[in-house]
Structures are given as C-alpha cells and as structure tokens.
Amino acid sequence: MMNQVKDIMNQLAALGSEQTLKTFRNHGGVEPMYGVKIGDIKPILKKHKNNHQLALELYNTGNSDAMYLAGLMSNPSLLTPEVLDEWIERAPWHMISEFTVAWNAAESPYGFEMARKWIESDKELTADAGWSTWGCLMALTPDEKIDKEEIDHLLDRVEREIHDAPNQVRYVMNGFVIAVGSYYKPLAEKAMAIGNRIGKVKVNMGNTACKVPYAPDYIQKVWDAGRLGAKRKEVRC
C-alpha cells in the first residue's frame, strides 16, 4: 500500500503546474499541494476507483491534491462517523471541506447525522462542510425520506443567520437555499421566497473573479428548465 501511495504522489507531483497552484492559492488553497487540474486526476482515479483503503491512505498525506483524489476514489458506503470526523478535522481549506468531505458524508450512510452535527460547530470549515452536506442531501435523497419540518427550520435559520455567519459558511448556506429550491419540491417555493428576502450574499472570494450565485435567479433557471426535483445519483465529481 505504501508503494502505491508513493507512486501516486509522484504522479501527482509530475502533473502539478505553477499556474494551477496559483489558482488554488487565489482561492485560499493551503500547502502542501502540487496544483493538479481536476481533469488530470481522473486517469489515476480510473485505475483505483473504489480502492477505499488506498483512498484513506492518500487522504492522510495532508496534500490537497491527494485528498481531493481520495474523496473521488473512496467508497462512501464504507465510511464511518469517526472517519468522517477525522476527515473534517484534517481538511486544510474549503475545497476539501466543502467538496471532498461533504460529498462523501452525503453519499455515506451517515449524511444526515454528520450534517446536523457539523453545522453546530464554531469551526468555519466544519460548519462549511455541514451546510454543504445538507445541500448535497437535498440533491441525493428522495423527497419522501426528507423531514420537511427539519428543512423548514433550517431555511428559517439560514434567513436569520446567513449575513452574520463566517465567510465560507455564508457561501454554503446560500447554496443550501438553492439546493432546496432546486431539488426539494415540498419547500421549493419557500426557498425561493427566502432567497428573495436574503438578497445578495457577500462573500470574500479571494483573489478570483468568482461570484456568489444569486439564489432566486439560479432556482428560477432550474424551474424554467423543468428540472425541479430531479435528483442526482451522486454528487462527487
């Protein structure tokens, strides 16, 4: 296993570029990382898809590129709450907390459990993962398996707290409103109304041209395309 890890780390190092490294840094990326484009990771992933033990070893390297790859390589059905907690504790920046960790949590058997727990954290990256997990759960879970009252309360909470929340948490709270409005029919209209009341959400996006999606516009596009409530089979990509 150690030889496989070493081999993959060497491959990632060779695939890294200064330009991608600069882009990651501009988005808040934290070293160590090689700066590998997501598309360039896919051939490695193809060889080792669902090699769960290897994924755990790669995540433990602490290298952002390896951690992202690990999140795509893992088998979420084998993840435990303990491992998910370890993953969020080790997440160095929001690309890992918001995507790698949240995607895996949502696709694991413990998605709702972890989402509920993490959004109560005072740590920005943990709360970031929690709200991102909630958004992913809206995209994955059949409506009849979602507690409408719980989502209703979460929408109210976002409306109350979003503008005073930590920077990255504001972004994923806004994403949660979009997810409910796009994927969860019973409360889609409420999500639209709350999006309108929240208005534009200010988030420091670093030295990038990225913008925070305006929830009502995004939700309306989903509705207009006839995709309201169209669930996804997976969120990892």
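1. Tyr-68. In this predicted model, Tyr-68 is found in helix α5. Its contacts, leaving aside neighbours within four places in sequence, are Ile-38, Ile-41, Met-95, Ile-96, Phe-99, Thr-100, Trp-103 and Cys-237. Tyr-68 has a relative accessible area of 6%. That is under the 20% limit, so Tyr-68 counts as buried. Lys-37 sits 31 residues away from Tyr-68 in sequence. In space, the two C-alpha atoms are 11 Å apart.

2. Ser-64. This residue also belongs to helix α5. Is Ser-64 buried or exposed? It counts as buried, because its relative accessibility is 0%. Setting aside neighbours within four places in sequence, Ser-64 is in contact with Val-30, Pro-32, Met-33, Pro-92, Trp-93 and Ile-96. Ile-96 is also among the contacts of Tyr-68. Phe-24 and Ser-64 are 40 residues apart in sequence. Their C-alpha atoms lie 9.8 Å apart in space.

3. Pro-32. One contact of Ser-64 deserves its own check: Pro-32. The peptide bond joining Glu-31 and Pro-32 is cis. Omega there is about 5°. Pro-32 is found in the loop between α2 (18-26) and α3.

4. Asn-50. A second backbone point concerns Asn-50. Its phi is positive, about 70°, although Asn-50 is not a glycine. Where does Asn-50 lie? It is in the loop between α3 and α4. With a relative accessible area of 45%, Asn-50 is partly exposed. The value falls between the 20% and 50% limits, so Asn-50 is classed neither as buried nor as exposed.

5. Helix α4. This helix covers residues 52-59. It is mostly covered, with six of its eight residues buried. Those six are His-52, Leu-54, Ala-55, Leu-56, Leu-58 and Tyr-59. What do they pack against? The partners are α1 (2-15), α3 (38-48), α5 (64-73), α6 (81-90) and α7 (94-107). Helix α5, the helix of Tyr-68 and Ser-64, is thus one of the partners.

6. α1 with α3. Both helices pack against the buried residues of α4. They also pack on each other, at an angle of about 160° and with axes 10 Å apart. The angle is over 145 degrees, so α1 is roughly antiparallel to α3. The crossing of α1 past α3 is right-handed. On the α1 side, the contact uses Gln-4, Ile-8, Gln-11, Leu-12 and Leu-15. On the α3 side, Asp-40, Ile-41, Ile-44 and His-48 take part. By class, the contact has five nonpolar, three polar and one charged residues. Ile-41 of α3 is also in contact with Tyr-68.

7. α7 with α9. Helix α7 is another partner of the buried α4 residues. Against helix α9 (residues 124-140), α7 packs at an angle of about 45°, with the axes 8 Å apart. That angle makes α7 oblique to α9. The crossing is right-handed. From α7, the contact takes in His-94, Ser-97, Glu-98, Val-101, Ala-102, Trp-103, Ala-105, Ala-106 and Glu-107. From α9 come Leu-125, Asp-128, Ala-129, Ser-132, Thr-133, Cys-136, Leu-137 and Leu-140. How many are nonpolar, polar and charged? The residues divide into 10 nonpolar, four polar and three charged. Trp-103 appears here and in the contact list of Tyr-68.

8. α10 with α11. Helix α10 (residues 148-161) packs against helix α11 (residues 167-183) at about 140°. Their axes are 10 Å apart. At that angle, α10 is oblique to α11. The crossing is left-handed. Ile-151, Leu-154, Leu-155, Val-158 and Glu-161 in α10 meet Met-173, Phe-176, Val-177 and Val-180 in α11. By class, the contact has eight nonpolar, no polar and one charged residues.

9. The core. The largest nonpolar core holds 78 residues. Which of them touch the most other members? They are Leu-58, Trp-131, Trp-134, Met-138, Ile-151 and Phe-176. Leu-58 is one of the buried residues of α4. Ile-151 and Phe-176 take part in the meeting of α10 and α11.

10. Met-138. Not counting residues up to four places away in sequence, Met-138 touches Ile-146, Ile-151, Phe-176, Ala-179, Val-180, Tyr-183, Tyr-184 and Lys-231. Among them, Ile-151, Phe-176 and Val-180 also belong to the α10 and α11 contact.

Notes: Residues are numbered from 1 along each chain as its sequence is written. This is a predicted model: local features need pLDDT of at least 70, side-chain atom pairs count only at pLDDT 80 or more; totals for chains, interfaces and linings use all residues. Side-chain values use heavy atoms; hydrogens and water are left out. Buried means under 20% relative accessible area, exposed over 50%, partly exposed in between (1.4 Å probe, protein chains only). Helices (H or I, at least four residues) and strands (E, at least two) are DSSP runs, numbered from the N terminus. Contact means heavy atoms within 4.5 Å. Axes are lines fitted to C-alpha atoms, for helices over the stretch in contact, and angles run from 0 to 180 degrees between N-to-C directions. Angles under 35 degrees count as roughly parallel, over 145 as roughly antiparallel, 65 to 115 as roughly perpendicular and the rest as oblique. A crossing is left-handed if the near helix is turned anticlockwise from the far one by less than a right angle, and right-handed if clockwise. Ala, Val, Leu, Ile, Met, Phe, Trp, Tyr, Cys and Pro count as nonpolar, Asp, Glu, Lys and Arg as charged, and the others, Gly among them, as polar. A nonpolar core is a set of buried Ala, Val, Leu, Ile, Met, Phe, Trp, Tyr and Cys residues joined through side-chain atoms within 4.5 Å.
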